[in-house]
Structures are given as C-alpha cells and as structure tokens.
Amino acid sequence: MRFTQPAYPTVYFSTLIWVRCPNCNMAAKVETNLGKLTIPEPQQHQSTLKCSGCGLIKTHNELWYGLYQGHLSIACGFCGSHLNYTTKPSKNIKTKAAKTCEVCNKEKEYALQWYKFKQDFAIDPYFGLDLYLQVNIKENVFWVYNIDHLKYLRHYVSSTLREGYGRHKYSLITNLPQWIKAAKNRELIVKKIRFFRK
Ligand SMILES: [Zn+2]
Ligand SMILES: [Zn+2]
C-alpha cells in the first residue's frame, strides 16, 4: 500500500483535540480557531475547553494545567561567572532557588523564571492537559489529537511505500519519532491502535 495523503503539519489536526477533563477525568474537547496561521503560536489562538460530562467550560488565556519549568541565567553574585540552571518540570513553582557557583563555590538564592513545559508531547499545547487518545507501545507513547489524526497516522504506518509525497520541515510525518517510522514496528503499532477509539 502506498501512502498518498498530503504532507499535513501537526497543527492541521490541532483544531480539535480530545483531552482528559481536569474535573471529571472523562473525554473533553479542546477546540481552537487557528485562523490563517500554519505554525503553532498558541498564545495567538482562541481555544475553548469543553466537557460534556461535567459541563466544564474554560477559555484559553493564561490557564495552563501542565507542568512548568524554572530557568536561571544570571551572573554569580560573588564572582560574576555565568550561571545556568534549569529545574525539573513541575507543578510546584518556587520563586527562588539556591545555586552554587561552579567557579567560586559560593551558594546564593536567585529568582527563577518559569515557563510552560511543552516538551511532553502527549499533552495538548493550549491547556497542557493529558491527551485522551494515547496508548503505550513498548517504552513509547503513541498519541493523536483526534480520529482524523489517528486515521492519517494509521494510513502512514500501514503503508509500505511512503516516499514521493511533498515533505516539508513542518510536515507531521517528517517530525514523527523514528520508532513510528521503523518498518519493524509496523505490525505491532497497527495492532495496538486498531481498538484505540474515543
Ligand atoms: Zn468533565
Ligand atoms: Zn561565583
């Protein structure tokens, strides 16, 4: 079978994302109006979280359910050497962290800057909620935003001929992890996602 779908960017599928409701744990929807943007710039988008199970409705503003990461990039208060430090991703935001300078060995408290942690891709990029459609395959997580996204990836994974469609740098396929692209995992992935429904 040949893969004949267009080279969509991931953001193409991000107008509807099934997430786990932070209130009742059932499937909830994140709907986003992307306008004409083709590259994710979540702050500029209008997203709404809606759960038909418990009635929760939230609008994307500064609401972030995911993890945060603290950063420090500052001159040592004693010797002026540059200090770089990044915390583990966490929900627990501390305003300051004690850091020992590697040059002069003196410790001091510095103010941290906190950012939304988005490197964990099994979350939605707008509210930071866990994706509803995810399944463990060996040590990896296979995730999709919605059923169209699932069908698209299922078509790709099942295809033995994958060349010849227009690849580009934002193409979802170009950015897929190697374990999904690997031919040796084809059968296992297809089997695992067969019963994988909302
Ligand atoms: Zn709910
Ligand atoms: Zn120092």
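What follows is a short exchange about a predicted model of a protein chain with two zinc ions.

Colleague: What is the order of helices and strands along the chain?

Modeller: The pattern reads β-β-β-β-β-β-β-β-β-β-β-α-α-α. That is 3 helices and 11 strands. Of the 198 residues, 40% are buried.

Colleague: Start with the zinc ion (ligand 1). What makes Cys21, Cys24, Cys51 and Cys54 its donors?

Modeller: Distance. Their SG atoms lie 2.3 Å from the zinc ion (ligand 1). The cut-off for a donor is 2.8 Å, so these four sulfur atoms qualify.

Colleague: Why is the arrangement around the zinc ion (ligand 1) called tetrahedral?

Modeller: The 4 donor atoms subtend angles of 104 to 117°. Four donors count as tetrahedral if all angles lie between 85 and 135 degrees. The angles here fall in that window, so the label holds. The ideal for four tetrahedral donors is 109.5 degrees.

Colleague: How are the donors of the zinc ion (ligand 1) spaced, and what does the pair Cys21 and Cys54 tie together?

Modeller: The spacing is C-x2-C-x26-C-x2-C. Cys21 sits in the loop between β1 (16-20) and β2 (27-33). Cys54 sits in the loop between β3 (46-50) and β4 (57-59). The pair therefore ties together parts that are 33 residues apart in sequence.

Colleague: Are Cys21 and Cys54 buried or partly exposed, and how do you know?

Modeller: Cys21 has 3% relative accessibility. Buried means under 20%, so Cys21 is buried. Cys54 has 34%. Exposed would need over 50%, so Cys54 counts as partly exposed.

Colleague: Now the zinc ion (ligand 2). Which atoms coordinate it?

Modeller: The SG atoms of Cys76, Cys79, Cys101 and Cys104, at 2.3 to 2.4 Å. Their spacing along the chain is C-x2-C-x21-C-x2-C.

Colleague: What makes the arrangement around the zinc ion (ligand 2) tetrahedral?

Modeller: Its 4 donor atoms subtend angles of 105 to 113°. The window is 85 to 135 degrees, so the arrangement is tetrahedral.

Colleague: Where in the chain are Cys79 and Cys104?

Modeller: Cys79 is in the loop between β5 (68-75) and β6 (82-86), and Cys104 is in the loop between β7 (96-100) and β8 (107-111). This pair therefore ties together parts that are 25 residues apart in sequence.

Colleague: Why are Cys79 and Cys104 called partly exposed?

Modeller: Cys79 has 36% relative accessibility. Cys104 has 26%. Partly exposed lies between 20% and 50%, so the term fits Cys79 and Cys104.

Colleague: Turn to helix α3 (residues 186-194). How do you know that Ile189, Val190 and Ile193 are on the same side?

Modeller: These three residues are buried. They cover an arc of only 100° around the axis, which puts them on the same side of α3. On the other side, Glu187 and Lys191 are exposed.

Colleague: And Leu63: why is it called partly exposed?

Modeller: Its relative accessible area is 30%. That is between 20% and 50%, so the label follows. Leu63 lies in the loop between β4 and β5. Its C-alpha atom is 6.3 Å from that of Phe127, 64 residues apart along the chain.

Colleague: What is the volume of the second largest pocket, and which residues are closest to its centre?

Modeller: The volume is about 200 Å³. Of 14 lining residues, the closest to the centre are Tyr65, Lys91, Gly128, Leu129 and Asp130.

Colleague: How does the lining of the second largest pocket divide?

Modeller: Into 7 nonpolar, 3 polar and 4 charged residues.

Note on methods: Residues are numbered from 1 along each chain as its sequence is written. Chains are lettered from A and ligands numbered from 1 in the order in which they are written. This is a predicted model: local features need pLDDT of at least 70, side-chain atom pairs count only at pLDDT 80 or more; totals for chains, interfaces and linings use all residues. Side-chain values use heavy atoms; hydrogens and water are left out. On a 1 Å grid over the protein atoms alone, a cavity is a set of points where a 1.4 Å probe fits but cannot get out, and a pocket is an open set with protein on both sides within 12 Å along at least five of seven lines; lining residues have an atom within 4 Å of a point. Grid points are joined across faces, edges and corners, and a volume is the space filled by probe spheres set on the points. Ala, Val, Leu, Ile, Met, Phe, Trp, Tyr, Cys and Pro count as nonpolar, Asp, Glu, Lys and Arg as charged, and the others, Gly among them, as polar. Donors are N, O and S atoms within 2.8 Å of the metal (3.2 Å for Na, K and Ca); water is not among the atoms, so sites may look incomplete. Four donors count as tetrahedral if all angles lie between 85 and 135 degrees; four count as square planar and six as octahedral if opposite donors are over 155 degrees apart and all others between 65 and 115; anything else is irregular. Helices (H or I, at least four residues) and strands (E, at least two) are DSSP runs, numbered from the N terminus. Buried means under 20% relative accessible area, exposed over 50%, partly exposed in between (1.4 Å probe, protein chains only). The arc is that of the directions from the helix axis to the C-beta atoms.
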